[in-house]
Protein chains: 2
Amino acid sequence: MNVPRSSTARNSSSARPVTRSRIQKRNRQIILEAALEVFSTHGFRGATLDQLATEAGLSKPNLLYYFDGKEDIHRELLTQLLDTWLAPLRLINPQGDPRTEIMEYMRRKLEMSRDFPRESRLFANEILQGAPRIEGFIRDDLRLLVDQTAITLRGWVDQGRIAPVDPYHLIFSIWALTQHYADFAAQIALIRGAGHEPHEGAEAFLEHLYSRLLAP
Amino acid sequence: MNVPRSSTARNSSSARPVTRSRIQKRNRQIILEAALEVFSTHGFRGATLDQLATEAGLSKPNLLYYFDGKEDIHRELLTQLLDTWLAPLRLINPQGDPRTEIMEYMRRKLEMSRDFPRESRLFANEILQGAPRIEGFIRDDLRLLVDQTAITLRGWVDQGRIAPVDPYHLIFSIWALTQHYADFAAQIALIRGAGHEPHEGAEAFLEHLYSRLLAP
DNA sequence: AAGCTTCTTGACTGGATGGTCAAAATTGAT
DNA sequence: ATCAATTTTGACCATCCAGTCAAGAAGCTT
């Protein structure tokens with residue numbers, strides 16, 4: 001599978017003396033930004049290198065100077081995303097006040113869905129296709145973190161500090177409700193009509209909902 | 001855009017004497033079933049005619065004898081889906097008991113997500129891409145129905161029969177929570193591990209959640 | 001400003017993929 | 001059994017698209 005590096009490639013992937021010039025840093029960033037835009041709306045297969053190139057304002061061979069190929073761009077984008085995707089969950093503090101911690105987590109996820117809808121859609125696209133490229137991440141990293149969080153939540157339930165609730169479904173519900181506003185933004189926009197932004201009223205609603213759900 | 005019908009095509013689309021032989025009915029159905037399988041996991045661009053043909057157990061030219069092309073298969077599939085997609089919402093009875101009606105609606109949606117996950121993912125795929133092919137359906141049919149339902153819900157709130165809640169967000173939340181179990185099944189499976197099916201415990205959780213949310 | 005390195009690109013290529021077609025096989029009405 | 005209509009398919013074709021390459025342009029270093 002592994003092809004010897006061509007003479008012109010200063011590229012990425014598989015560990016290597018990663019010394020990047022100013023221009024490299026800038027252009028790799030431009031390309032990843034363009035890739036986020038294009039991949040998140042058309043999916044991996046639906047996007048073409050020409051689209052990426054046009055969006056990035058570079059020539060196609062130029063893209064391939066900075067990355068080993070379409071796959072490589074996508075992998076890099078996804079890798080960067082996954083790091084930040086776990087962050088909100090990590091911030092839940094088992095020593096904190098249960099309801100506050102859960103509410104804050106929900107709020108952080110909703111913020112991410114509002115401020116980074118493309119990232120959310122990129123992720124959704126991956127999962128929809130059966131998560132072939134991020135299976136490892138989910139099975140290992142995410143699962144571990146969810147399991148730990150579930151233990152924390154169950155502890156809070158056992159102490160009677162929040163109403164009895166299945167911790168896994170509680171987490172899934174937060175994911176579903178917050179990401180929905182990003183992933184299904186097109187639908188929401190068409191239903192609510194122009195002049196409304198998808199997330200309008202979402203925070204109040206979700207606060208109300210979880211407030212009612214968690215009250216002991 | 002419209003090409004004159006080729007001599008061999010007994011095909012579909014744009015209104016036409018739709019007389020179908022037994023074989024036609026059967027094979028069109030087989031093709032649509034295969035298309036559901038393939039399109040729902042790979043998306044429109046990600047699916048190839050060869051995949052469709054293999055999945056359907058027919059030759060590629062044979063597919064194109066029954067449909068005008070990839071696009072036509074996809075359109076037909078989606079059209080059939082949209083009809084049934086609205087059904088659960090239509091069944092909400094403004095004269096019924098508010099909590100029962102909403103609970104039943106949630107249950108119907110959850111059932112659809114459990115029994116027809118591929119349909120759910122096909123739909124999700126469309127919306128994710130910005131709903132280009134079903135914009136009209138959403139803006140016209142779905143929106144109308146949602147608006148009517150919202151009026152019903154608001155009436156129930158005003159009568160004090162359910163707790164005050166934004167009707168649109170209530171509907172969105174049901175969509176988000178039920179479809180999540182189909183659309184993100186891959187993620188849920190990886191987190192919960194084998195031996196669990198994605199919907200396990202979902203009904204109890206959602207009943208609990210909406211029971212708490214709606215109690216006056 | 002010379003000369004080396006990094007960056008950029010026009011012109012390709014090979015393979016995948018949507019779609020065509022004419023001829024062969026099958027079906028069904030008589 | 002006959003024969004016309006329907007169905008099926010192998011062999012194509014045209015286009016799209018990821019990726020290559022060699023040569024030129026721009027940056028750096030001295």
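Colleague: How many salt bridges does the structure hold over all chains?

Modeller: The structure holds 25 salt bridges over all chains. This is a predicted model, in which local features need pLDDT of at least 70, side-chain atom pairs count only at pLDDT 80 or more, and totals for chains, interfaces and linings use all residues. Side-chain values use heavy atoms, with hydrogens and water left out.

Colleague: Why is the contact of Arg133(B) and Glu71(B) called a salt bridge?

Modeller: A salt bridge requires a side-chain nitrogen of Lys or Arg within 4 Å of a carboxyl oxygen of Asp or Glu. The N to O value for Arg133(B) and Glu71(B) is 2.8 Å, so the pair meets this definition.

Colleague: Which parts of chain B does the pair link?

Modeller: Arg133(B) lies in the loop between α6 (117-128) and α7 (135-158), and Glu71(B) lies in helix α4 (residues 70-90), 62 residues apart. Helices (H or I, at least four residues) are DSSP runs, numbered from the N terminus.

Colleague: What makes Glu126(B) buried and Arg133(B) partly exposed?

Modeller: Buried means under 20% relative accessible area, exposed over 50%, and partly exposed in between (1.4 Å probe, protein chains only). Glu126(B) has 4% and is therefore buried, whereas Arg133(B) has 38% and is therefore partly exposed. These two residues also form a salt bridge, with the closest N and O atoms 3.5 Å apart.

Colleague: How do you know that Arg114(A) and Glu203(A) form a salt bridge?

Modeller: Their side chains meet at 3.8 Å, N to O, so the pair falls within the cut-off. The pair joins helix α5 (residues 98-115) to helix α10 (residues 202-214) of chain A.

Note on methods: Residues are numbered from 1 along each chain as its sequence is written. Chains are lettered from A and ligands numbered from 1 in the order in which they are written. Helices (H or I, at least four residues) and strands (E, at least two) are DSSP runs, numbered from the N terminus.
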